[in-house]
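This report describes how selected parts of one protein chain are arranged. Please keep the structure in view while reading.

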Amino acid sequence: MARLRSADAIYQGHCQTVTSRSRCPRGAYGPVRSGQMRRCPSCVTGSCACAIGVWRHARGRPGAGPAGYDRAVVTVAGAVREYLQYLVVERGLAANTVESYQRDLRRYADLLAARGTDEFGGVATADVAAFLAALRTGDERHPPLSASSAGRAVVAVRGLHAFALAQGMSGADPAREVAPPAPPKRLPKAISVSEVERLLDAAGSVVSGEPRELRDRALLEFLYSTGARISEAVGLDTRDLELAADPAVLLSGKGGKQRFVPVGSYAVRALQAYLVRGRPVLATGRLPSAAVFLNARGGRLTRQGAWGVIGEAAHRSGLMEVSPHTLRHSFATHLLDGGADIRVVQELLGHSSVTTTQVYTLVTVDKLREVYAASHPRALDSGNR
């Protein structure tokens, strides 16, 4: 068994940080004596308390990274675990985002294993390029991915290698030279105000006596009124809603960022009808749920369930290719059409950068061109009218 080179060496792993004079914060094992190595039972792999491989004290020792990792023994699987833990604890990314990273990095680790690379320090730029090629071509288990989906996976891999380099797990970043494929520029798909009204009417009526109709109408009114993401809507709790004098909602967006968004009068009316007459009927589960939107069993409505609600309403209204993001896109586009400042729309949508919001201005510019061409007396030659 490998041994520590110094009494003040530390272990960093699944159970946080353990020094030679302290216990594991989870109480998994006792004090670590000088020169000993012990494995925390909560760690998945490794021959010691470190979840990513053998930890050695690296002060002054050539060949080891600044954090003290022996690069020769850091496994790919261990590095992935450390990075995912960093995304959760340090970056505070949403659970769905972390799950997406996990799926992409698991596929990356499988490819590296198939190419005979188990040690993280042995990954080369050719391996990363081969991963991108495999994403685009597909295999017997995976269909080919679009440029945007493949780009997302490559971004996850680039983040992993940048993290590993910063933490001293590797001496180079082999992913730096592999750029994600540029996705085609697509404008967000928004529907007109009249189409939104058709969709809302197809979901149900606020005077209905059917609880699920009340819920469906309230959900769609809420999405269009606030521009909320579908994950924000299904994650909403009753304490986050204020429907009194100044109706507003507290939304928890990506990375745990929170924002207050006003709620329009139509959505307030639909929500009040649902909360008074619909939700109490649906709340029949054994364990009470704090969720605003409930499923038929009394639990929190899932993202898939919300997709189903929107899909059914779109089918009944005769609208094609309507998704939860369609209402979010329509919310932003209609605000800009009405003269709202782009910075205000950015805050309402919860975008970190106004650059993300600016894509909606392209949609409104197209509409302005149409209005200009149809209205200005000298916009077009008389022969083109």
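## Salt bridges, helices and a sheet

Asp-104 is buried, with a relative accessible area of 8%. The structure discussed here is a predicted model. The side chain of Asp-104 forms a salt bridge with that of Arg-152, at an N to O distance of 3.0 Å. This pair links distant parts of the chain, since Asp-104 belongs to helix α2 (residues 95-114) and Arg-152 to helix α4 (residues 147-167), 48 residues apart. Arg-152, in contrast to its buried partner, is partly exposed, at 40% relative accessibility.

Side chains of opposite charge can pair when their charged atoms come close. The structure holds 10 salt bridges, and three of them are set out below.

| Salt bridge | Closest N and O atoms |
|---|---|
| Asp-104 and Arg-152 | 3.0 Å |
| Lys-189 and Glu-321 | 3.0 Å |
| Arg-229 and Glu-232 | 2.6 Å |

Where in the chain do Lys-189 and Glu-321 lie? Lys-189 is in the loop between α4 and α5, whereas Glu-321 is in the loop between α9 (303-317) and α10 (324-337), so their salt bridge ties together parts that are 132 residues apart in sequence. Lys-189 is exposed, with a relative accessible area of 55%, and Glu-321 is exposed as well, with 65%.

The partners in the salt bridge of Arg-229 with Glu-232 are buried: Arg-229 has a relative accessibility of 11%, and Glu-232 has a relative accessible area of 4%. Elsewhere, Asp-201, Arg-217 and Glu-221 are joined into one network by salt bridges that share partners.

Two packed helices are described by the angle between their axes and the distance between the axes. Helix α5 (residues 193-203) packs against helix α6 (residues 211-226) at an angle of about 155°, and their axes are 8 Å apart. The two helices are therefore roughly antiparallel to each other. By class, their contact has 7 nonpolar, no polar and 5 charged residues. On the α5 side the contact includes Val-193, Leu-199 and Asp-201, while among the α6 residues are Arg-217, Leu-220 and Tyr-224.

Strands of a sheet pair through backbone hydrogen bonds, either parallel or antiparallel. Here, 3 strands form an open sheet in the order β3-β4-β5, with antiparallel pairing. Its edge strands, β3 (241-242) and β5 (258-262), each pair on one side only. Strand β4 (residues 248-252) pairs with β5 over 5 bridges in the antiparallel sense. Which residue of β5 is the bridge partner of Leu-250? The partner is Phe-260.

How values were computed:
Residues are numbered from 1 along each chain as its sequence is written. This is a predicted model: local features need pLDDT of at least 70, side-chain atom pairs count only at pLDDT 80 or more; totals for chains, interfaces and linings use all residues. Side-chain values use heavy atoms; hydrogens and water are left out. Axes are lines fitted to C-alpha atoms, for helices over the stretch in contact, and angles run from 0 to 180 degrees between N-to-C directions. Helices (H or I, at least four residues) and strands (E, at least two) are DSSP runs, numbered from the N terminus. Angles under 35 degrees count as roughly parallel, over 145 as roughly antiparallel, 65 to 115 as roughly perpendicular and the rest as oblique. Contact means heavy atoms within 4.5 Å. Ala, Val, Leu, Ile, Met, Phe, Trp, Tyr, Cys and Pro count as nonpolar, Asp, Glu, Lys and Arg as charged, and the others, Gly among them, as polar. Two strands pair if DSSP finds at least two bridges between them. A salt bridge is a side-chain nitrogen of Lys or Arg within 4 Å of a carboxyl oxygen of Asp or Glu. Buried means under 20% relative accessible area, exposed over 50%, partly exposed in between (1.4 Å probe, protein chains only).
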